Amino acid sequence: MYKHILMPTDGSKCSEEAIKQGLAFAKELDAQVTFLYAVEDPAYDIARAAPYRKPFHDYLTQEAEASLNKAKRLADELGVAATTRLVDHQQPARAIHEAEKDYDLIVMGTHGRRGFNRFAFGSVAEGVLRRSEKPCLVIHSSSA
């Protein structure tokens, strides 16, 4: 049923928990997974940040690559076939939505933020759930 699973990550403890549970599920199903990390450019609209934009973006890209490599190692340890995909200069929910057509299932974590924190930080998981045409397995985490 689910043979190709998309697992978005942002490198957080929440994402790591979702990846571990998603990999156990993928192993049971003998499914392949793709880990996706979308690197936004938060300084894009801030003119004063221009001198720091490239070094900050480079730092974010290095963090993304490290997160993807860690996820890939976890998959390798469990014997789950996995690939990684880094999407640059795109909002995470949009990147996930655009990638989902190639997958049977999306597995991702959520912090379950409420109130002001949800307003301030948004919810990638909610954005994916609202737009996705594929089934989603959302794993709640209390980790920050």
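Five strands make up an open sheet in this predicted model, arranged in the order β3-β2-β1-β4-β5 with parallel pairing. Because β3 (82-88) and β5 (136-140) are at the edges and each has a single partner strand, one side of each is left without a neighbour in the sheet. On average, and ignoring direction, neighbouring strands of this sheet are turned by 20 degrees against each other.

**Strand pairing and helix packing**

- The parallel strands β2 and β3 are joined by seven bridges.
- Within β3, D88 is the residue that stands opposite V39.
- Helix α1 packs on the sheet, where it touches β1, β2, β4 and β5; the direction of α1 makes about 145 degrees with that of β4.
- Helix α5, formed by residues 124-131, lies across β4 and β5 and runs at about 150 degrees to β4.

**Helix α1**

- The 17 residues of α1 should span 24 Å at 1.5 Å a residue, and the end C-alpha atoms of α1 are 24 Å apart, so the expected and modelled values agree.
- Buried positions of α1 are C14, S15, E16, A18, I19, G22, L23 and A26.

**Nonpolar cores**

- The largest nonpolar core comprises 21 residues, and those with the most contacts inside it are I5, M7, L23, A26, V33 and F35.
- At least two residues of this core come from each of β1 (4-8), α1 (13-29), β2 (32-39), α2 (50-78) and β4 (105-110).
- Leaving aside residues up to four places away in sequence, V33 touches I5, M7, L23, A26, V80, A81, A82 and T83.
- Another core, of 13 residues, lies apart from the largest one; its members include V87, A95, I96 and A125.

**Backbone exceptions in loops**

- Most residues other than glycine have a negative phi.
- D30 is not a glycine, yet has a positive phi of about 55 degrees.
- This residue, D30, comes just after α1, in the loop between α1 and β2.
- With a relative accessibility of 63%, D30 counts as exposed, because the cut-off for that class is over 50%.
- H89, also a residue other than glycine, has a positive phi near 55 degrees.
- The loop between β3 and α3 (92-99) contains H89.
- The relative accessible area of H89 is 47%, so H89 is partly exposed.

Key: Residues numbered from 1 in each chain as written. Predicted model: local features only at pLDDT ≥ 70, side-chain atom pairs only at ≥ 80, totals over all residues. Heavy atoms only, no water. Core = buried A, V, L, I, M, F, W, Y, C linked by side-chain atoms within 4.5 Å. Buried < 20%, exposed > 50% of the residue type's maximum accessible area, 1.4 Å probe, protein only. Helix = DSSP H or I, 4+ residues; strand = E, 2+ residues; numbered from the N terminus. Contact = heavy atoms within 4.5 Å. Pairing = 2+ DSSP bridges. Axes fitted to C-alpha atoms, helices over the stretch in contact; angles between N-to-C directions. Expected span 1.5 Å × (residues − 1).
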